[in-house]
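Please open the structure in your viewer and keep the selection tool at hand, since each stop on this tour begins with something to pick out. The sequence and the structure to follow are shown here.

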Amino acid sequence: MSRIDQLIGAMTLSEKLGQLTMTAAPYAVTGPFVAGDLSEGIKSGTIGNLLNLYGPEIVARTQRLAVEESRLGIPLLIGLDVIHGHRTLFPVPLAEAAMFDAALWTETAHAAAREAAADGVTMTFAPMCDVCRDPRWGRIVEGPGEDPFVGAAIAAAKVAGFQGKNLDGIAACAKHFAAYGAVMAGREYASTDISARTLHEVHLASFAAAVAAGVAAIMPAFTELDGVPMTANRELLQGYLRGQLGFEGVIISDYNAIAELMRHGVAADLAEAAALALNAGVDIDMMAEAYGDGLPVALERRLVTMDQIDAAVRRVLRLKERLGLFDDPYRSAGAESAADLAKRRVLARDAGAKSMVLLKNEKDVLPLTKPRRIALIGPLADAAQEMRGPWAAAAPLTGCATVLEGLRAALPDAEIEYALGVAIDGGAAEEAGGIAIAAALCDGADVIILCVGEAANMSGEAASRAHPHLPGQQQRLCDAIFEKAGGRPVITILFSGRPLIVPALVEKSAALLAAWFPGSEAGNAIVDLITGKVSPSGCTPVSWPRATGQIPVFFGERNGGRPINPADHYTSKYLDSENSPLFVFGDGLGYGRFAFSNLKLSATTLARSGTLAASVDVANEGGHTAEETVFLFCHDRLASVTRPLLELKGFAKITLAAGARGTVTLALKGTDLCFPGADLAPLFEPGEVEIFLGPAADRTRLVGATIRLVAD
Ligand code: NOJ
């Protein structure tokens, strides 16, 4: 008999339910701790898994309670939200999406996993796979942006990075399944009501990619989808995930989500809630005490069976076994050295620089050429804590480099004068003096750097914003600085967890760098870019609206029967805004200037089982070495169901010295061109398809050709 069968055979019901329970460790000033009831629960086997615990000593002490003092000695799974780093912070996920670099996506996840494992963590609740087209939603910061192809690529890269080979890293958990990014009006925890087509075309691909990459766990979203809470969504958890995708890993609820089935109005009591979740396929109850308290009653009422409980326990034990916890419950805890940490900082600086998006650079004002006197202004210029972004795992509050520190280190001969101006979200009354002091710094400065944007906690969970503009009095500060600047260039560094709606700021800044929240090396990475040590290469993974009323605005929209025609009143447009976003998916400048030409296809026909190579010549006509991202889009103009105007099917990078040219080749498989047919099953439909290559989702900048899809 296998170890797992033996254990299940020996377990009492309460020990089984313990394996299906994940409880949070409380936090004191000194860090997370485990004591009292929690210790007793672990020893009695009623708590089989913990979250929010880290640190080699406390984890080892706690693991010892389970392994040496519980009846069956089953080790605990220790989960933590290691989202974009652990002790070293990398850019927030939306920023990482802007890197369009699968190897780097994997590398930062791998680094985070190693740091977390050294702290005793065995599972992260990442990657967040929720595609989102609504910048009001705060959790857009945690995800891949607007596009399902990018979502899938990141999911696969991150699972590989976190888990390593054969789970020698930490277990990854793809979340939040599914369509959480489409909550109504961008309001956190609101319901989701989308078409089955949108679900299949937009929201499932990243989860399918995570499963294909071998993800260990999946977390259902807090939200309901078309009237069925995801925690109780049997059709999608059992039918799609386990059935269609063949997912055999662990499904773990979100925090207290099983008990919330009562609030959703689908369960009368905890026993019903627990039964709904277990029947839907949820194995672990995070923090609701629904399985421990509710499942015994549900068993009595015959709402669930012992076989179902055993199957869930088996999946949890199997994960512990695959992680090697039975053989080495303490794994690599404590294994990190100072040299390892130093290496992570180098990686964080590289990723930081690659994640930022230069949205404007009028008259090539950047890179700066040896400024003598810099006026550095704004509430985010010296805000180390904000650089961490909304999920900071075990990173210290003070550990991130600020722009002020970065400038001082890189330009020791420059005179740098700094003023906060206004608080990030301050009120009008207290700010008048601050604005005047900041504006005065402009006198005599040869360059003015404005560091403005959101606080880290204005995005992330429970951080939706109906007005995703510059918060507080920052626009007033900016207006005063622009006025005082006269003809001198104002370089704006914009920090945010979402695309902000800032058309006036863009118009008046000579250059604008979207820095998102870059993590531990924030200030150094920013200064690497603005001084020209590194050429910016990030491309926005999400459209930047001109106005809140345009939301959702994204490149994958459909033509409709009356597409926009400015000359025709009765076409699809606004009376008071352009249709297009201010910045489109893929936008991002560098210090090179790239021209695309000579699109070549290896064939003009493509069968479902075939592959085609599409290549384009890229020339750097600018004066600096720089990297360019080349995107491959397609458009099926005539199909049995309407298709988006552009669909992303690939991307690749090329680095070219000034004046150099090269060729980028991307592969396109026939299966890449399948789409959900009228019955939502993947359909390969013979006919013409346009292929485009170029720098962004903007037809005017793409080079294109037509191919013909043919039957095999
Ligand atoms: C709630 C969040 O929705 C989820 O993403 C996170 O993993 C859990 N809390 C645990 O912290």
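**First stop: a parallel sheet**

Begin by selecting strand 1 (residues 21-24) and strand 4 (residues 49-51), which run parallel and are joined by three bridges. Keep in mind throughout that this is a predicted model. Within this pair, look for threonine 23, which stands opposite leucine 50 in strand 4. Now widen the selection to the open sheet to which these strands belong, five strands in the order 6-5-4-1-12 with parallel pairing. At its edges stand strand 6 (123-124) and strand 12 (285-286), each with a single partner strand, so one side of each is left without a neighbour in the sheet.

**Second stop: two crossing helices**

Next select helix 3 (residues 36-44) and helix 4 (residues 56-69), whose axes come within 8 Å and cross at roughly 35°. The crossing in which helix 3 passes helix 4 is right-handed. To see where they meet, show the side chains of Ser39, Ile42 and Lys43 in helix 3 together with those of Thr62, Leu65, Ala66 and Glu69 in helix 4. The residues of this contact divide into three nonpolar, two polar and two charged.

**Third stop: another sheet and its edge strand**

Move on to the open sheet of three strands, which has the order 7-8-11 and parallel pairing. Here strand 7 (173-177) and strand 11 (250-251) stand at the edges, and each has a single partner strand, so one side of each is left without a neighbour in the sheet. Strand 7 pairs with strand 8 (residues 217-220) in the parallel sense over four bridges. Is strand 7, despite its place at the edge, enclosed or open to the outside? Five of the five residues of strand 7 are buried, so this strand is largely enclosed by the rest of the structure. Add helix 9 to the view, and you will find that it lies across strand 7 and strand 8, running at about 160° to strand 7.

**Fourth stop: phenylalanine 177**

Stay with strand 7 and select phenylalanine 177, which is found there and is buried, with a relative accessible area of 0%. Opposite phenylalanine 177 stands proline 220 in strand 8. Which other residues does phenylalanine 177 touch? Leaving aside residues up to four places away in sequence, its contacts include Leu204, Phe207, Ile218, Met230, Leu236 and Tyr240. For a sense of distance, compare phenylalanine 177 with histidine 203, which is 26 residues away in sequence and 8.6 Å away in space, C-alpha to C-alpha.

**Fifth stop: helix 8 and its cover**

Histidine 203 leads to helix 8 (residues 196-203), in which Arg197, Leu199, Glu201, Val202 and His203 are buried. The elements that cover these buried residues include helix 7 (148-163), helix 9 (205-212), strand 9 (224-225), helix 10 (234-244) and strand 25 (675-676).

**Last stop: the nonpolar cores**

In soluble globular proteins, nonpolar side chains tend to be buried together. The largest nonpolar core here has 207 residues, and those that touch the most other members are Phe177, Ile377, Leu407, Ile449, Ile493, Phe495 and Phe633. Helix 6 (residues 102-118) gives the most to this core, with eight residues. Apart from this core lies another, of 26 residues, among them Leu599, Leu612, Leu656 and Leu666. To finish, return to the largest core and select isoleucine 377, whose contacts, not counting residues up to four places away in sequence, include Ala419, Leu441, Cys451 and Ile481.

Note on methods:
Residues are numbered from 1 along each chain as its sequence is written. This is a predicted model: local features need pLDDT of at least 70, side-chain atom pairs count only at pLDDT 80 or more; totals for chains, interfaces and linings use all residues. Side-chain values use heavy atoms; hydrogens and water are left out. A nonpolar core is a set of buried Ala, Val, Leu, Ile, Met, Phe, Trp, Tyr and Cys residues joined through side-chain atoms within 4.5 Å. Buried means under 20% relative accessible area, exposed over 50%, partly exposed in between (1.4 Å probe, protein chains only). Contact means heavy atoms within 4.5 Å. Axes are lines fitted to C-alpha atoms, for helices over the stretch in contact, and angles run from 0 to 180 degrees between N-to-C directions. A crossing is left-handed if the near helix is turned anticlockwise from the far one by less than a right angle, and right-handed if clockwise. Ala, Val, Leu, Ile, Met, Phe, Trp, Tyr, Cys and Pro count as nonpolar, Asp, Glu, Lys and Arg as charged, and the others, Gly among them, as polar. Two strands pair if DSSP finds at least two bridges between them.
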